Amino acid sequence: MHVPRWHSRVSLEQATAYLREHAGRNVTLHELAGVLGVTPRAVQYLFRRHLGTTPTAYLRQIRLERAHHELVHADPVVETVHHIAGRWGFGHPGRFSILYRQRFGNPPSHTLRRNPGSRRRG
């Protein structure tokens, strides 16, 4: 399948923007293709060719980044890893922990506990 260079760039920018904007919910490949007006295969091709990944993996990375941001800024007295992971679409805590550790080098609970801004001041 040949995708014109200008079209692939525009579609890729639209696709990544859409995924960033809707990262808090389950965006399907078919939904993304519909938004872009292309086939699901064309979406997969765009991501593989220009980003070296799949749309699903790209969305997972956005969610990991956002969960990480929340863990860094959360109050561990109020928030839990499970809560934050769930908000970003990670329903299985063990799987989230594995992905998080692979991406950030330590477990999510460590990030939450190390947050210096979250300690209560007396």
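Guide: Before we start, pLDDT is the predictor's confidence in each residue, from 0 to 100. You'll want that here, since this is a predicted model.

Visitor: Okay, over which residues does pLDDT stay under 50?

Guide: Across the protein chain pLDDT averages 88, and 85% of the residues score at least 70. One stretch stays under 50, and for it the model has eight contacts beyond four places in sequence. That stretch is residues 118-122.

Visitor: And which element has the highest mean pLDDT?

Guide: Let's look at both ends of the ranking. Helix α1, residues 5-21, has the lowest mean pLDDT among the elements, at 80. The highest mean is 96, and it belongs to α4.

Visitor: How does the reach of α4 fit with what's expected at 1.5 Å a residue?

Guide: Helix α4 covers residues 55-73, which is 19 residues. The expected span is 1.5 Å times one less than the number of residues, so that gives 27 Å for this helix. From first C-alpha to last, α4 is close to that expected value, reaching 27 Å.

Visitor: Are α4 and α6 roughly parallel or roughly perpendicular to each other?

Guide: The axes of α4 and α6 (residues 93-104) come within 11 Å and cross at roughly 85 degrees. Angles from 65 to 115 degrees count as roughly perpendicular. The two helices are therefore roughly perpendicular.

Visitor: How many charged residues are in the contact of α4 with α6?

Guide: On the α4 side you'll find residues including Arg60, Leu64 and Glu65, and on the α6 side Phe96 and Arg103 are among them. Sorted by class, the contact has seven nonpolar and two polar residues. Leu64 is also one of the buried residues of α4. As for charged residues, the contact has three.

Visitor: What about the contact of α2 with α3, how many charged residues are there?

Guide: Helix α2 (residues 29-36) and helix α3 (residues 40-51) have axes that come within 8 Å and cross at roughly 90 degrees. Leu29, His30, Leu32, Ala33 and Leu36 in α2 meet Pro40, Val43, Gln44 and Phe47 in α3. By class, that's seven nonpolar residues and two polar ones, while the number of charged residues is none.

Visitor: Last one: does Arg101 count as buried, exposed or partly exposed?

Guide: Arg101 is in helix α6, and beyond four places in sequence it touches Asn106 and Pro107. Buried means under 20% relative accessible area, and exposed means over 50%. Arg101 has 45% relative accessibility, so it counts as partly exposed.

How values were computed:
Residues are numbered from 1 along each chain as its sequence is written. This is a predicted model: local features need pLDDT of at least 70, side-chain atom pairs count only at pLDDT 80 or more; totals for chains, interfaces and linings use all residues. Side-chain values use heavy atoms; hydrogens and water are left out. Helices (H or I, at least four residues) and strands (E, at least two) are DSSP runs, numbered from the N terminus. Buried means under 20% relative accessible area, exposed over 50%, partly exposed in between (1.4 Å probe, protein chains only). Axes are lines fitted to C-alpha atoms, for helices over the stretch in contact, and angles run from 0 to 180 degrees between N-to-C directions. Angles under 35 degrees count as roughly parallel, over 145 as roughly antiparallel, 65 to 115 as roughly perpendicular and the rest as oblique. Contact means heavy atoms within 4.5 Å. Ala, Val, Leu, Ile, Met, Phe, Trp, Tyr, Cys and Pro count as nonpolar, Asp, Glu, Lys and Arg as charged, and the others, Gly among them, as polar.
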